[in-house]
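I opened this notebook page to record what I looked up in the model, one topic at a time. The entries follow the order in which I went through them.

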Amino acid sequence: MILSSQEIKTLIKRGEILITPYPEIKETSIKIHLSEKIVLKPKAFILSVTKEKIKLSPNIVGFYDGYAQLARKGVTTHLGSMFVDSDTNEHLTLEIFNFSDKEIVLEKDSRCGQLILMEVKWESFGTSGSGISSEAAPS
């Protein structure tokens with residue numbers, strides 16, 4: 001189940017999600033920003049990290065999605081895997097590529113994507129498939 005803004009705020013208050021600095025929360029996601037100014041030459045690829053440090057509890061996972069406004073300029077931002085695992089406690093590493101023929105400047109603190117959060121329902125795994133029984137799942 002994708003978490004709503006209200007559910008995200010509740011989990012932040014309970015300490016199950018910790019994001020510093022305090023995040024900008026949309027209807028069903030968290031806005032993600034760049035930690036530094038980046039000058040992208042045409043067809044250039046770089047690695048960078050997010051401004052936000054993300055800490056998720058064992059029952060929360062996320063998916064990173066790039067920002068459409070950047071894509072319209074020819075820039076993609078994504079993770080090696082768009083999946084953000086439970087128990088994550090780090091700044092996310094971004095892979096940024098400029099597909100355009102123009103130099104593009106991405107300012108520090110500018111939006112680069114969003115993080116969509118979901119709750120893991122351990123009891124749905126049972127003992128088949130994952131090898132994790134509901135008794136062994138985190139509480």
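**Entry 1: strand pairing around β4.** I began with Ser 48, which stands opposite Leu 94 in β8. This model is a predicted one, and I keep that in mind for every entry below. The strands β4 and β8 run antiparallel and are joined by eight bridges. I then turned to β1, residues 17–20, and found that β1 pairs with β4 in the antiparallel sense over four bridges. Within that pairing, Ile 19 has Ile 54 of β4 as its bridge partner.

**Entry 2: the open sheet.** Next I asked in what order the strands of the four-stranded open sheet lie. The order is β2-β10-β5-β7, and the pairing is antiparallel. The edge strands are β2 (30–33) and β7 (83–84), each of which pairs on one side only. I looked more closely at β5, residues 60–66, which runs antiparallel to β7 and is joined to β7 by two bridges. Phe 63 has Phe 83 in β7 as its bridge partner.

**Entry 3: helix α1.** I wanted to know which residues of α1 (residues 5–14) are buried. I noted Ile 8, Leu 11 and Ile 12 as the buried residues of this helix. They lie on the same side of α1, because the arc they cover around the axis is only 105°. As a general reminder to myself, an α-helix has 3.6 residues a turn, so residues three or four places apart point the same way. The buried residues of α1 pack against β1, β2, β5 and β10, whereas the face turned away from the buried side carries the exposed residues Lys 13 and Arg 14. After α1 comes Gly 15, and I recorded that its phi is positive, near 85°.

**Entry 4: the nonpolar core.** I looked up which members of the largest nonpolar core touch the most other members. The core has 28 residues, and the ones that stand out in this respect are Ile 17, Ile 96, Leu 106 and Leu 117. I followed Ile 17 further and, leaving aside its neighbours within four places in sequence, found it in contact with Leu 11, Ile 12, Lys 55, Leu 56, Ile 60 and Leu 117. In soluble globular proteins generally, nonpolar side chains tend to be buried together.

**Entry 5: salt bridges.** How many salt bridges does a search of the whole structure find? The search finds six, and I wrote up some of them here.

Lys 41 forms a salt bridge with Glu 103, and the closest N and O atoms are 2.7 Å apart. This pair links distant parts of the chain, 62 residues apart, with Lys 41 in the loop between β3 (38–40) and β4 (45–56) and Glu 103 in the loop between β8 (89–98) and β9 (104–106). Lys 41 is partly exposed at 48% relative accessibility, and Glu 103 is likewise partly exposed at 44%.

Lys 51 and Asp 109 meet through their side chains in a salt bridge of 3.5 Å, N to O. Lys 51 lies in strand β4 and Asp 109 in the loop between β9 and β10 (111–119), so the pair ties together parts that are 58 residues apart in sequence. I noted a relative accessible area of 31% for Lys 51, which is partly exposed, and of 36% for Asp 109, which is also partly exposed.

The side chains of Lys 121 and Glu 119 form a salt bridge as well, at 3.7 Å from N to O. Lys 121 is partly exposed with a relative accessible area of 40%, and Glu 119 is partly exposed with 27%.

How values were computed
Residues are numbered from 1 along each chain as its sequence is written. This is a predicted model: local features need pLDDT of at least 70, side-chain atom pairs count only at pLDDT 80 or more; totals for chains, interfaces and linings use all residues. Side-chain values use heavy atoms; hydrogens and water are left out. Two strands pair if DSSP finds at least two bridges between them. A nonpolar core is a set of buried Ala, Val, Leu, Ile, Met, Phe, Trp, Tyr and Cys residues joined through side-chain atoms within 4.5 Å. Buried means under 20% relative accessible area, exposed over 50%, partly exposed in between (1.4 Å probe, protein chains only). Contact means heavy atoms within 4.5 Å. A salt bridge is a side-chain nitrogen of Lys or Arg within 4 Å of a carboxyl oxygen of Asp or Glu. The arc is that of the directions from the helix axis to the C-beta atoms.
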